[in-house]
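Work through the exercises below with the sequence and the model open. Each task is followed by a solution in steps.

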Amino acid sequence: LAGASASGDGFTDQFPIAACDFESTGTNAFFKLVPNRQLYLSNARCVEEGDCDELEELWITMLPETRSIAFQYGGKPITVRARVMEEYETVDGELEEVSRNYVASCEPMNDVYYFGEDVEDGDGNPLPDAWLSGRDGARPGILMPDRAFLLGSRYYQEIPPNAKDRGEHTSMGFEVDVPAGVFRNCVEVTETSPLEPGDESFKTYCPYVGLVRDEDLELIAVYSNAESPSEEDD
């Protein structure tokens, strides 16, 4: 993470934001910002094997929408046009949560940064983990490095007061077999938070595909020109 500096816990929390030319589209090898591209994951295999009680499904859609986000960074005003990435989660067919995440690609490095999210439960009630860069001291984090993907890298993915998820590159160069196919040269990101000491979650990303495993969720299919499930609900 060139130009970044680490905090006292060893995780980078200062990024070269001013050097970025932010774009709402991008071709990061592990995190594509392509409008109407959709990943569909589920824990169906875990349910079939009797290790999971409930069927969980997740649709991650890069919406055609963007959002302008203005904030101060290093004493300088910055405005970013971010892509809206929707995560639509169901449990046994019932809507559990919908989040709208604001992401953008830092050119020319092609790293994907995270600028905030709005979150609702299945009944449409706002949830307290929403945040936005520039509000209440919140600052952007990095979701996925591209050229600088190095084993052992540690960085904050979000830096608001109410959410401080961190990523660490804990494995790379391995093969993954999920319902969507067999993928090679994949990487593992272990996520933690100082707000939840001891808790860990594990995500696997593969080149030119993206997220293929999130705990028990596995990639089932990748769609282009997809409509988000929330639009289908309307």
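## Exercise 1: Arginine 166 and its partners

Arginine 166 has a relative accessible area of 12%, so this residue is buried. The model is a predicted one.

**Task.** Find the salt-bridge partner of arginine 166, and state which parts of the chain the pair ties together.

**Solution.**

Step 1. Look for the acid. Aspartate 9 forms a salt bridge with arginine 166, and the closest N and O atoms are 3.1 Å apart.

Step 2. Place both ends. Arginine 166 lies in strand β15 (residues 166-178), while aspartate 9 is in the loop between β1 (5-6) and β2, so the pair ties together parts that are 157 residues apart in sequence.

Step 3. Check the accessibility of the acid. Aspartate 9 has a relative accessible area of 31% and is partly exposed.

Step 4. Look for a ring. The charged end of arginine 166 sits over the ring of phenylalanine 11, 4.3 Å from its centre.

## Exercise 2: Other charged groups

**Task.** How many salt bridges does the structure hold? Examine the ones formed by arginine 184 and arginine 213.

**Solution.**

Step 1. Recall the principle. Side chains of opposite charge can pair when their charged atoms come close.

Step 2. Take the count. The structure holds eight salt bridges.

Step 3. Go to arginine 184. Its salt-bridge partner is glutamate 175, with the closest N and O atoms 3.2 Å apart. Arginine 184 is exposed, at a relative accessible area of 55%.

Step 4. Go to arginine 213. This residue forms a salt bridge with glutamate 218, and here the closest N and O atoms are 3.8 Å apart. The cut-off is 4 Å, so the pair counts.

Step 5. Compare the labels of the two ends. Arginine 213 is partly exposed, with a relative accessible area of 26%. Glutamate 218 is buried, with a relative accessible area of 8%.

Step 6. Extend the pair. Arg45, Arg213 and Glu218 are joined into one network by salt bridges that share partners.

## Exercise 3: The disulfides

**Task.** Locate the disulfides, give the handedness of each link, and write down the connectivity pattern.

**Solution.**

Step 1. Count. There are three disulfides in the structure.

Step 2. Start with cysteine 20. Cysteine 20 and cysteine 106 form a disulfide with their sulfur atoms 2.0 Å apart. The angle about the S-S bond is -85°, and the link is left-handed. Cysteine 20 lies in the loop between β2 (12-14) and β3 (21-23), and cysteine 106 in strand β9 (residues 94-107), so the pair ties together parts that are 86 residues apart in sequence. Both ends need a burial label. Cysteine 20 counts as buried at 13% relative accessibility. Cysteine 106 is also buried, with a relative accessible area of 0%.

Step 3. Move to cysteine 46. A disulfide joins this residue to cysteine 52, with an S to S distance of 1.9 Å. The torsion about their S-S bond is about 80°, so the disulfide is right-handed. Cysteine 46 and cysteine 52 are both buried.

Step 4. Finish with cysteine 186. Its disulfide partner is cysteine 206, and the sulfur atoms are 2.0 Å apart. The torsion of about 105° about the S-S bond makes this disulfide right-handed. The pair links distant parts of the chain: cysteine 186 is in strand β16 (residues 181-192) and cysteine 206 in strand β17 (residues 201-206), 20 residues apart. Cysteine 186 and cysteine 206 are buried.

Step 5. Write the pattern. With bonded cysteines counted along the chain, the disulfides follow 1-4, 2-3, 5-6.

## Exercise 4: Aromatic rings

**Task.** Are the rings of phenylalanine 15 and tyrosine 113 stacked or edge-to-face?

**Solution.**

Step 1. Know what to look at. A pair of aromatic rings is described by the distance of the centres and the angle of the planes.

Step 2. Take the values. The ring centres of phenylalanine 15 and tyrosine 113 are 5.8 Å apart and the planes are at 85°, so the pair is edge-to-face.

Step 3. Place the residues. Phenylalanine 15 is in the loop between β2 and β3, and tyrosine 113 is in strand β10 (residues 111-121), 98 residues apart.

Step 4. Label burial. Phenylalanine 15 is buried, at a relative accessible area of 5%. Tyrosine 113 counts as buried at 1% relative accessibility.

Step 5. Widen the view. Ring pairs link Phe15, Phe22, Phe71, Tyr113 and Phe115 into a cluster. The count comes to eight aromatic pairs.

Step 6. Add one more ring contact. The charged end of arginine 67 sits over the ring of tyrosine 102, 4.9 Å from its centre.

Methods
Residues numbered from 1 in each chain as written. Predicted model: local features only at pLDDT ≥ 70, side-chain atom pairs only at ≥ 80, totals over all residues. Heavy atoms only, no water. Disulfide = S-S within 2.5 Å. Helix = DSSP H or I, 4+ residues; strand = E, 2+ residues; numbered from the N terminus. Buried < 20%, exposed > 50% of the residue type's maximum accessible area, 1.4 Å probe, protein only. Salt bridge = Lys/Arg side-chain N within 4 Å of Asp/Glu carboxyl O. Phe/Tyr/Trp six-rings, centres within 6.5 Å; stacked < 30°, edge-to-face > 60°. Lys NZ or Arg CZ within 6 Å of the ring centre and 35° of its normal.
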